[in-house]
Amino acid sequence: MERYDAIVVGGGTMGSAAAWALATRGARTLVLEQFRHVHGRGSHGGQTRIIRHAYAESPEYVPLVLRADELWRELEDTVGTQVLHRTGGLEMSGPGGDHARSVRRSATEHGLPHEWLTPDEVRRRWPVWDIGDDWEACYTPGAGFLTTEPSLRSLRRAAERLGAVFREEEPVRAWEATLDAIDVRTDQGVYGAERLIVTAGAWAGSMLAELGLPLTVLRKTLWWLAVADPAPFVPERFPVFIAESAEGDVYGFPLHDEPGLKVARHSGGEPFDPDATDRIARDEEKQEVVPFVRRRLRGVSDRVTSSAVCLYTVTPDHDFVVDRHPERLNVVIGAGFSGHGFKFTPAIGEELAALAFDPAHRPYPRLAIGRFAVAAPVG
Ligand SMILES: Cc1cc2nc3c(=O)[nH]c(=O)nc-3n(C[C@H](O)[C@H](O)[C@H](O)COP(=O)(O)OP(=O)(O)OC[C@H]3O[C@@H](n4cnc5c(N)ncnc54)[C@H](O)[C@@H]3O)c2cc1C
C-alpha cells in the first residue's frame, strides 16, 4: 500500500491550496481528484473571483483575507504567474441596504484604506454608473480579482515542486480512520496516511454523510454581457463591484479575456445535485442580472456573449467549516465555503495543514464545526 503523511480528498480550490501548505511543511502529500484538475463541474468555474479586504460579512474575516493576499503574492513569485489583478472595489447599497456601511465598518476597525463616496462622486468618477441619490458607496483600493484557473494551476505547481502527488480522475470511494491511521479507497487501490483532509466542495455533504453537516448545494449562473464601448470597462478604469439593490445582490468584474462584462447575482440560486451533469445556463435565466444592468449600468446590453453554471455549497450562517472532524481528530474538513471562499484559498490551505499537524492549533471559532448540532466532539 502507498503511504503518505497526508491525503487530500478533492483537488479543487481548497484541496490544491492544502497540498501547497502541507508540502511546504514537508508532509508527503497525495491529492485525489475525481475529475481533471481544474474543471467546470464544481465551484471554481467561471474564470474570475473577487478579492476584497474590508469584509462586509464580518470584520473577523479580515486577518484571514490579509494573510491570503500575502500568500497569493508569494505564490505568484514562486511560480511566476500573475493570479491577482488589483482593480479597486466599489461596494454599494441601495435604499434600506447596509452592505456599504458594513464595508466601512470593517475597513475602519482594521485601518484599511477606503473612501466613503457620495452618489455624485461615484457618477463623476465612473460615468457608467447610474446610481440613485439615495445610494451609499464605499471604495477600497485593495480589492480586485483572482483568475481561477491560473490560481489552481499555480497552487498545484508549487505543491508538486515540493513533492506533492496529484492523481486526477480518481474518485475516493470510501475512507476509514482509526486513532493513528487512515485508509482511503479508490477504484485503483487503497492508500494509507496519517492525516486526511476533506475538501470535496459540493460533494462534502455526501463524503461526510455521517456528520449530517447542514450544507446546501446551490446552482448559480454567471453572465458575460456585450458592451457598446470597452474603454470604460477595462481593469484600469472599472473596479470590481458589489451592489445590494432592489434587483438583487449583484456583483461584477471589468473586462478580462472575454468580450463581455461578467455580472452575476450572489443572492438566490436553486438547490442542485452536484452529480447531475447539466451545467447549461438557460437564456431566460439572464433575467437574474439584466434588470439591474439595464437600470444601473450605462453601455452594457442584455446580449449574452458567454455564460456558465457554478455551484455554491452554503451553510445556514454562510460561514465556512474549517475544523477537525468531531469524532476523528486526524481528519480535517474544509467545506461550506458559501460562495465567498475563493479569496481566502491559500490561507485556508494553511489553516487546514495546521489543524492536521499542530495538535495545539485551534480553529477560528467562527468557522468551527461545533456551532452546528453535529456528532459530539471526542474527549
Ligand atoms: C458562481 C460563483 C461565484 C463565486 N464568486 C466568488 C468571489 O467572487 N469571491 C470569492 O472569494 N469566492 C467566490 N466564490 C466561491 C469560491 O469559488 C468557492 O468558495 C471555492 O471555489 C470552493 O472551493 P472548494 O475547494 O470547496 O470546491 P471545488 O473547487 O469545487 O473543489 C472540490 C473538489 O473536490 C472534488 N471531489 C469531490 N468529491 C470527491 C471525491 N469523492 N473524490 C475525489 N475528488 C472529489 C471535486 O471534483 C472538486 O474538484 C464563487 C463561487 C461560485 C460558484
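# A walk through the predicted model

In this predicted model, a good place to begin is the polar contact of 2.7 Å that joins the side chains of glutamate 247 and arginine 295. Glutamate 247 sits in the loop that runs between strand 14 (240–245) and strand 15 (248–252), and with a relative accessible area of 16% this glutamate is buried, because anything under 20% is counted that way.

Another loop residue with a polar partner is threonine 87, which is found between strand 4 (84–86) and strand 5 (89–93). Threonine 87 is buried as well, at a relative accessible area of 11%, and a polar atom of its side chain lies 3.4 Å from the backbone nitrogen of valine 240. The loop between strand 13 (216–227) and strand 14 holds arginine 237, which is partly exposed, its relative accessible area being 48%. To give a sense of the distances involved, the C-alpha atoms of arginine 237 and alanine 6 are separated by 44 Å, and these two residues are 231 residues apart along the chain.

From these loops the reader can turn to the charged pairs. Side chains of opposite charge can pair when their charged atoms come close. In this model the count of salt bridges comes to 29, and a few of them can be followed individually. Arginine 101 and glutamate 136 meet through their side chains in a salt bridge, at 2.4 Å from N to O. Since arginine 101 belongs to helix 3 (residues 99–110) and glutamate 136 to strand 7 (residues 136–140), the pair ties together parts that are 35 residues apart in sequence. Of these partners, arginine 101 counts as partly exposed, at 38% relative accessibility, whereas glutamate 136 counts as buried, at 18%.

A second salt bridge links arginine 52 to glutamate 57, with 2.9 Å between the closest N and O atoms. Here arginine 52 is buried, having a relative accessible area of 6%, while glutamate 57 is partly exposed at 33%. A third pair consists of lysine 286 and aspartate 283, whose closest N and O atoms are 3.9 Å apart; this still qualifies as a salt bridge because the limit is 4 Å. Lysine 286 is buried, with a relative accessible area of 13%, and aspartate 283 is partly exposed, with a relative accessible area of 47%. Elsewhere, salt bridges that share partners bring Arg219, Glu270, Arg282, Glu284 and Glu285 into one network.

The next stop is the ligand. How many residues surround the ligand, and which are the closest? There are 33 residues around the ligand, and the closest are Thr13, Glu33, His39, Cys310 and Lys343. Sorted by class, this shell contains 17 nonpolar, 13 polar and three charged residues. Helix 1 (13–24), strand 3 (48–51) and strand 18 (300–314) each contribute at least two residues to the shell, and strand 18 gives the most, with three residues. Seen at the level of domains, the shell draws at least three residues from each of domain 1 (2–45 + 149–213 + 317–371) and domain 2 (95–141 + 216–314).

Several polar atoms of the protein can be placed relative to the oxygen atoms of the ligand. One ligand oxygen is 2.7 Å from an N or O atom in the side chain of histidine 39. For isoleucine 50, a polar backbone atom is 2.8 Å from an oxygen atom of the ligand, and for threonine 199, a backbone N or O atom lies 3.4 Å from an oxygen atom of the ligand. On its own the ligand has 1000 Å² of accessible area, of which the protein covers 97%.

The walk closes with the backbone. Most residues other than glycine have a negative phi, and most peptide bonds are trans. Against that background, valine 38 stands out with a positive phi, near 75°. Valine 38 lies in the loop between strand 2 (29–32) and strand 3, and at 17% relative accessibility this valine counts as buried. Aspartate 257 also has a positive phi, near 65°, and its place is in the loop between strand 15 and strand 16 (261–265). Is aspartate 257 buried or exposed? At 71% relative accessibility, aspartate 257 counts as exposed, because the cut-off for that class is over 50%.

Definitions and conventions
Residues are numbered from 1 along each chain as its sequence is written. This is a predicted model: local features need pLDDT of at least 70, side-chain atom pairs count only at pLDDT 80 or more; totals for chains, interfaces and linings use all residues. Side-chain values use heavy atoms; hydrogens and water are left out. Buried means under 20% relative accessible area, exposed over 50%, partly exposed in between (1.4 Å probe, protein chains only). Helices (H or I, at least four residues) and strands (E, at least two) are DSSP runs, numbered from the N terminus. A residue is near a molecule or strand if one of its heavy atoms lies within 4 Å of it. A polar contact is a pair of N or O atoms within 3.5 Å; within protein, one must be able to donate a hydrogen and the other to accept it, and residues adjacent in sequence count only if both atoms are side-chain atoms. Accessible areas come from the Shrake-Rupley method with a 1.4 Å probe; for residues, only the protein chains shown count as cover. Ala, Val, Leu, Ile, Met, Phe, Trp, Tyr, Cys and Pro count as nonpolar, Asp, Glu, Lys and Arg as charged, and the others, Gly among them, as polar. Domain bounds come from an automatic or database domain assignment.
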